[in-house]
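I opened the notebook to record what I looked up in this structure. The entries follow the order in which I checked things.

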Amino acid sequence: MAMLPQEAFDVEIEEKKEYPPIPSGDYKVVIKESDIKETAKGGVMVALRFEIEGAADGLGTEATGRLLFDNINVINTGPKKQIVEQIGRRQLHDLLQAIGKPGSTDTNDMLGGRLVVRVKL
């Protein structure tokens with residue numbers, strides 16, 4: 001057995017930054033990440049990360065630079081498979097329309113896409 005030197009235990013603990021909820025409203029966002037992921041129950045979802053660029057009305061906002069996340073379930077394995085898939089596929093279709101990439105089949109095409117989203121608490 002070997003003893004660790006005392007320096008191994010000297011760490012600076014950063015103060016945990018708190019993120020208050022993003023206020024309800026409409027925001028201009030850009031898609032920063034888009035990927036296909038497996039759901040916990042074996043389905044398939046499109047995982048998205050958006051960055052807020054400002055309020056939809058063009059005014060500044062304290063939320064600028066904050067991140068929003070969304071998952072769009074496109075293949076579902078649960079008992080409500082048909083309705084869940086229908087909702088998810090409509091959401092994906094609407095997203096692609098909003099960013100000017102209708103019919104795209106590659107999540108990389110979504111990157112950099114700009115649209116307006118509504119946040120509700």
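**Entry 1: burial and overall form**

I began with burial: of the 121 residues of the protein, 30% count as buried. The model is a predicted one, and I kept that in mind throughout. I then looked up the surface, and the protein exposes about 9100 Å². Carbon and sulfur atoms supply 52% of that area.

Next I checked the radius of gyration, which is 20 Å for the protein. I set it beside the value for a compact globule of 121 residues, which would be near 14 Å. The C-alpha trace spans about 60 × 45 × 25 Å along the principal axes of the protein.

I also looked at contacts between residues at least 6 apart in sequence. Of these, 53% join residues at least 24 apart.

**Entry 2: the elements**

Which elements make up the secondary structure? I found one helix and four strands. Read from the N terminus on, the elements run β-β-β-α-β.

I wrote down the residue ranges for later use. Strand 1 covers residues 25–38, strand 2 covers 44–55, strand 3 covers 67–75 and strand 4 covers 114–119. Helix 1 covers residues 81–98.

**Entry 3: the sheet**

In what order do the strands lie in the sheet? I noted the order 3-2-1-4, in an open sheet of four strands with antiparallel pairing. The edge strands are strand 3 and strand 4, each of which pairs on one side only. From one strand to the next, the twist averages 45°. I added a reminder from general knowledge: strands of a sheet pair through backbone hydrogen bonds, either parallel or antiparallel.

I then went through the pairs that involve strand 1. Strand 1 and strand 2 pair over eleven bridges, in the antiparallel sense. As an example I looked up lysine 28, whose bridge partner in strand 2 is glycine 54. The two strands form a hairpin with five residues between them. Glycine 42 sits in the turn and has a positive phi of about 90°.

Strand 1 also runs antiparallel to strand 4, and six bridges join these two. Here I looked up valine 30, whose bridge partner in strand 4 is arginine 114.

**Entry 4: the helix on the sheet**

Where does helix 1 lie? I found that helix 1 lies across strand 1, strand 2, strand 3 and strand 4. Its direction is at about 125° to strand 3.

I picked out glutamate 85, which has its place in helix 1. Leaving out residues up to four places away in sequence, glutamate 85 touches Asn73, Val74, Ile75 and Asn76. Is glutamate 85 buried or exposed? Its relative accessible area is 9%, so glutamate 85 counts as buried, the cut-off being under 20%.

**Entry 5: salt bridges**

How many salt bridges does a search of the whole structure find? I got six. The general idea is that side chains of opposite charge can pair when their charged atoms come close.

The pair I looked up to begin with was aspartate 26 and arginine 118, with the closest N and O atoms 2.7 Å apart. Aspartate 26 lies in strand 1 and arginine 118 in strand 4, so this pair ties together parts that are 92 residues apart in sequence. Aspartate 26 is partly exposed, at 31% relative accessible area. Arginine 118 counts as exposed, at 60% relative accessibility.

I went on to arginine 114 and glutamate 53, whose salt bridge has its closest N and O atoms 2.9 Å apart. Arginine 114 lies in strand 4 and glutamate 53 in strand 2, so the pair ties together parts that are 61 residues apart in sequence. Glutamate 53 is partly exposed, with a relative accessible area of 34%. I had already met arginine 114 as the bridge partner of valine 30.

Last, I returned to glutamate 85, which forms a salt bridge with arginine 89. The closest N and O atoms of that pair are 3.7 Å apart. Both residues lie in helix 1, four residues apart, which is about one turn of the helix. Glutamate 85 is buried, whereas arginine 89 counts as partly exposed, at 45% relative accessibility. Salt bridges that share partners join Lys81, Glu85 and Arg89 into one network.

Technical notes:
Residues are numbered from 1 along each chain as its sequence is written. This is a predicted model: local features need pLDDT of at least 70, side-chain atom pairs count only at pLDDT 80 or more; totals for chains, interfaces and linings use all residues. Side-chain values use heavy atoms; hydrogens and water are left out. Two strands pair if DSSP finds at least two bridges between them. Axes are lines fitted to C-alpha atoms, for helices over the stretch in contact, and angles run from 0 to 180 degrees between N-to-C directions. Contact means heavy atoms within 4.5 Å. The radius of gyration is taken over C-alpha atoms; the globule rule is 2.2 Å times the number of residues to the power 0.38. Buried means under 20% relative accessible area, exposed over 50%, partly exposed in between (1.4 Å probe, protein chains only). Accessible areas come from the Shrake-Rupley method with a 1.4 Å probe; for residues, only the protein chains shown count as cover. A salt bridge is a side-chain nitrogen of Lys or Arg within 4 Å of a carboxyl oxygen of Asp or Glu.
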